[in-house]
Amino acid sequence: MPLSKIQFGNTGRRNTIINGAMQVAQRATSAASLTSSGYNTVDRWRVSIGSAGTWTMAQQAVTDLPGFRSSLKMDCTTADASLAATDDVAVQQRFEGQNLQHFKKGTASATSWALSFYVKGTTTGTYICELFDNDNNRHVNKSYTISSANTWEYKTIIFPADTTGALNNAANHNFRVAWYLAAGSNFTSGTLQTTWGSNTAANKAVGQVNLAANTANDWQITGVQLEPGSASTEFEHRSFGEELLLCKRYFEVYSPAANDDGSVGAVRTRTSFNHYQSLVNFHEKRAQPTCTIDYDRIHKPGVAKDTLSALTITIGSGETQSCTINATPANDSTVSTYGFLGKNSGTGSLKLDAEL
C-alpha cells in the first residue's frame, strides 16, 4: 500500500527578520544625538532620519514583557513639533533578495506578508509600516495603532501579495521594511498606499503620529517577525549564538582588545626588517566589507610593549573572508619574530562592515 504524504505546513525557519528580539548589539548599546541615517546600535536595525529632531537609539532592557529581555528604543531628545515637508524618521531592516524568494513576489503564486511585533510608546495614535521593493520601486503601506501609552501591545499587519515585480536573487539591498515615527507633508499628503503600487512619496505615511513633537516621546519594539502567509505565528526565538552569526554576515567586531592586552597576532616578515604582518580570517561577509582598524600598540614577547609608527589594512577586490594588516613598531628589535596588536587605552578592534 503506497504511503501518503502528510501535510504539516512549513515547520522550518519562518522568520526572515534578523535579530528580531534585539539581543545582539556589536557596535554599542546606545548612541545619542543622532541627526542622520545609519546603523548605530542594535545589529541589523538602521535608523533613517531626515532632519526631524535629535534622537537617542538604544538597546533597552525589557522587564515587563515575558519571553523578551531586550528591545530597540528610539527616544526624542530634541523636538521638532513643526515638521518641514521633507522631514521623516523611520526604523528599518534591509534584506538581500535571495533571502526572500520564498515569498514568490512577482509571480502568480505570490504570498501575503505577515508582519508581527511588540511595540510600546509614550504617544498613542496611528503609526505606519511600509514594505518597499527596492528592485522595482514598489511599495505597500499599512497602519497600526498604539492604544495605551507605555504598555506593550502585540501587533499583526498582513500585507497583500504582489504578483508584479520579482525580487532579484542577489546579495544587495533589494527590499526593506520600515516603521515610521515622524513624516512631513511630502510623505503624508496623499492616500495611504494599502495595495502594492509604484513608489509614491505622498502615499507613504498618511496619518502618521509625529513622535518628534516632544522630548518626552519614545518608542520601543521587539519580537519582530516577517513571514509568508495570511496570518502571523508565534515569534520564532533563535539562540543568541545563531543571531550573532547571522548579524556577522553584515557587520563584525573582530577580536576586541581592552587596554594594551594583545589581540591580533602579527609575524615579523624578516628579522632585518622592522615590519609585522598578519592575515585575518573573519566570518564571510555579504560583500567585500569596509575595514577599519583601531590598535596603537604591539606586544612583542621578550621586548617591552611598543607603540606603532604605522598601521594599514588591505583587502583584495571582492574579498569577503580575509584581510591583511601591516604594522610598523616605533622601535626596532631583532629579538621578536611575533607580536600581538593591542590598544594602549580603551578597546581596540578591527571592524568589518558590509551592511545593506
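Helices and strands are here taken as DSSP runs, with at least four residues for a helix (H or I) and at least two for a strand (E), numbered from the N terminus.

**Figure 1. Overall view of the predicted model.** On that assignment, the protein has one helix and 22 strands. The C-alpha trace spans about 70 × 70 × 40 Å along its principal axes, and buried residues account for 51% of the 356 residues in the protein. Of the contacts between residues at least 6 apart in sequence, 74% join residues that are at least 24 apart.

**Figure 2. Close-up of the largest pocket and its lining.** The volume of this pocket is about 280 Å³, and 18 residues line it, with Asn15, Thr16, Ile18, Asn99 and Leu246 lying nearest its centre. The elements that contribute two or more residues to this lining are β6 (88–95) and α1 (240–248). By residue class, the lining of the largest pocket comprises eight charged, five polar and five nonpolar residues.

**Figure 3. Close-up of the helix α1 and its buried residues.** Glu243, Cys247 and Lys248 are the buried residues of α1. Because these residues cover an arc of only 135 degrees around the axis, they lie on the same side of α1. As a general rule, an α-helix has 3.6 residues a turn, so residues three or four places apart point the same way. Among the parts of the structure that cover the buried residues of α1 is the strand β14 (251–258).

**Figure 4. Close-up of Asn174 and the residues around it.** Asn174 belongs to the loop between β10 (153–159) and β11 (175–183). Its relative accessibility is 2%, and Asn174 therefore counts as buried, the cut-off for that class being under 20% relative accessible area. The side chain of Asn174 is joined to that of Asp135 by a polar contact of 2.9 Å. When residues up to four places away in sequence are left out, Asn174 touches Phe95, Glu96 and Gly97, together with Phe132, Asp133, Asn134 and Asp135, and also Leu167 and Asn168.

**Figure 5. Close-up of Gly67 and Gly223.** Gly67 is placed in the loop between β4 (54–61) and β5 (70–78). With a relative accessible area of 58%, Gly67 is exposed, since that class begins over 50%. Although Gly67 and Gly223 are 156 residues apart along the chain, a separation of 9.1 Å lies between their C-alpha atoms.

How values were computed
Residues numbered from 1 in each chain as written. Predicted model: local features only at pLDDT ≥ 70, side-chain atom pairs only at ≥ 80, totals over all residues. Heavy atoms only, no water. 1 Å grid on protein atoms, 1.4 Å probe; cavity = no way out; pocket = protein on both sides within 12 Å on 5 of 7 lines; lining within 4 Å. Points joined across faces, edges and corners; volume = space filled by probe spheres on them. Nonpolar A, V, L, I, M, F, W, Y, C, P; charged D, E, K, R; others polar. Buried < 20%, exposed > 50% of the residue type's maximum accessible area, 1.4 Å probe, protein only. Polar contact = N/O pair within 3.5 Å; in protein donor to acceptor, adjacent residues only side chain to side chain. Contact = heavy atoms within 4.5 Å. Arc of directions from axis to C-beta.
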